[in-house]
Amino acid sequence: TTRQYSNDTNRMTVGALHEFDLATKELNKLSDSAYENYDVTEDAIYYQALQNLYMFDLNTREEKIIVDSDDFVYQYAGTETGVFYACVENQNRLSFWNREKDETIQYDINAEVTVLYEQDGYVIAHFAQNAENEPQTVVFYPDGKRIYAINEATDKVEINQDGIMVYRVAGTKQLVKVML
């Protein structure tokens, strides 16, 4: 992303998404919408601007709005097949937009999504503690399928390329190893 300083407003302008062509040494603008945060996959870039969540398809060179609402997307994690996201209005819902089917899957969880990230092809969602003893950490395949749930709070989760997950139970030195 790039930003420019405006002498008129004495502020930095909203960021734009650019690509640098190594062969031609040219900087090409992809979108005026991109802010600082973005997730890059093999053939897509996911980014947020104000209340919208976008995907820029690197193959078709087209920008698509995934979430266009009055609700603010506060967490998202891009994958090869789509993007997981959580909105402020309904913090107890995790959504997955499937790029191949252009459809959204809703996961109603009885807790707020606190952290959401992609790691070696898996997406990890951490949830706030809740009274119903629902899972506090859930692991998903990049296509949106739920693969593993952890009922206790975790403060560290690592997954390698072979699908071996190690997590630490929050507030302890206890490590747990799981083959996904």
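I take a residue as buried when its relative accessible area is under 20%, as exposed when that area is over 50%, and as partly exposed in between. The model I am reading is a predicted one, and I keep that in mind for every entry below.

**Entry 1: the whole chain**

With that cut-off in hand, I looked up the burial of the protein chain and found that 41% of its 180 residues count as buried. I then went through the secondary structure, where the chain shows 19 strands and zero helices. For the surface I noted that the protein chain exposes about 10,400 Å², of which carbon and sulfur atoms supply 43%. I also checked how far along the sequence the contacts reach: among those with a separation of 6 or more, 25% are between residues 24 or more positions apart.

**Entry 2: the loop between β3 and β4**

I next turned to the loop that joins β3 (17-21) to β4 (26-31), where leucine 22 has its place. Is leucine 22 buried or exposed? I put it down as exposed, because its relative accessibility is 66% and the cut-off for that word is over 50%. Leucine 22 belongs with Phe20 and Leu27 to a nonpolar patch on the surface, and the accessible area of the three together is about 350 Å².

Lysine 25 lies in the loop between β3 and β4 as well, and its relative accessible area of 60% makes it exposed. I marked its backbone for a second look, since phi of lysine 25 is near 60°, a positive value in a residue other than glycine.

**Entry 3: the loop between β5 and β6**

Here I compared two residues by their accessibility. Threonine 41 lies in the loop between β5 and β6 and counts as buried at 11% relative accessibility. Glutamate 42 has its place in the loop between β5 (38-40) and β6 (44-49), yet it is exposed, with a relative accessible area of 70%.

Which residues does threonine 41 contact, once neighbours within four places in sequence are left aside? I listed Tyr46, Leu58, Gly78, Thr79 and Glu80. Glutamate 42, for its part, gathers with Glu80, Glu118 and Asp120 in a patch of negative charge on the surface.

**Entry 4: aspartate 120 and valine 123**

I followed that patch to aspartate 120, whose place is in the loop between β13 (113-119) and β14. Aspartate 120 is partly exposed, with a relative accessible area of 39%, and it has a positive phi of about 50° although it is not a glycine.

Valine 123 is found in strand β14, which covers residues 122-127, and with a relative accessible area of 0% I recorded it as buried. Leaving aside neighbours within four places in sequence, I found valine 123 in contact with Ala77, Thr79, Phe84, Leu116, Tyr117, Glu118, Val138, Val139 and Phe140. For one of these partners, valine 138, I also noted the spacing: the C-alpha atoms of valine 123 and valine 138 are separated by 8.3 Å, and the two residues are 15 apart along the chain.

**Entry 5: salt bridges**

Side chains of opposite charge can pair when their charged atoms come close. Counting a side-chain nitrogen of Lys or Arg within 4 Å of a carboxyl oxygen of Asp or Glu, I arrive at six salt bridges.

The salt bridge between aspartate 43 and arginine 99 has an N to O distance of 3.1 Å. This pair links distant parts of the chain, 56 residues apart, with aspartate 43 in the loop between β5 and β6 and arginine 99 in the loop between β11 (93-98) and β12 (103-108). Arginine 99 is buried, at a relative accessible area of 16%.

Arginine 99 also meets aspartate 57 in a salt bridge, again at 3.1 Å from N to O. Aspartate 57 lies in strand β7 (residues 52-57) and arginine 99 in the loop between β11 and β12, so this pair ties together parts that are 42 residues apart in sequence. I noted that arginine 99 and aspartate 57 are both buried.

The side chains of arginine 168 and aspartate 155 form a salt bridge at 2.8 Å, N to O. Arginine 168 is in strand β18 (residues 164-169) and aspartate 155 in strand β17 (residues 154-159), so the pair ties together parts 13 residues apart in sequence. Arginine 168 counts as partly exposed at 33% relative accessibility, and aspartate 155 counts as partly exposed at 38%. As a last note, I recorded that Asp43, Asp57 and Arg99 are joined into one network by salt bridges that share partners.

How values were computed:
Residues are numbered from 1 along each chain as its sequence is written. This is a predicted model: local features need pLDDT of at least 70, side-chain atom pairs count only at pLDDT 80 or more; totals for chains, interfaces and linings use all residues. Side-chain values use heavy atoms; hydrogens and water are left out. Patches are made of residues with over 30% relative accessible area and no salt bridge: like charges are joined within 9 Å, nonpolar side chains (Val, Leu, Ile, Met, Phe, Trp, Tyr) within 5 Å. Accessible areas come from the Shrake-Rupley method with a 1.4 Å probe; for residues, only the protein chains shown count as cover. Helices (H or I, at least four residues) and strands (E, at least two) are DSSP runs, numbered from the N terminus. Buried means under 20% relative accessible area, exposed over 50%, partly exposed in between (1.4 Å probe, protein chains only). Contact means heavy atoms within 4.5 Å. Lys and Arg count as positive and Asp and Glu as negative; His and the chain ends are not counted. The place of a charge is taken as NZ of Lys, CZ of Arg, CG of Asp or CD of Glu.
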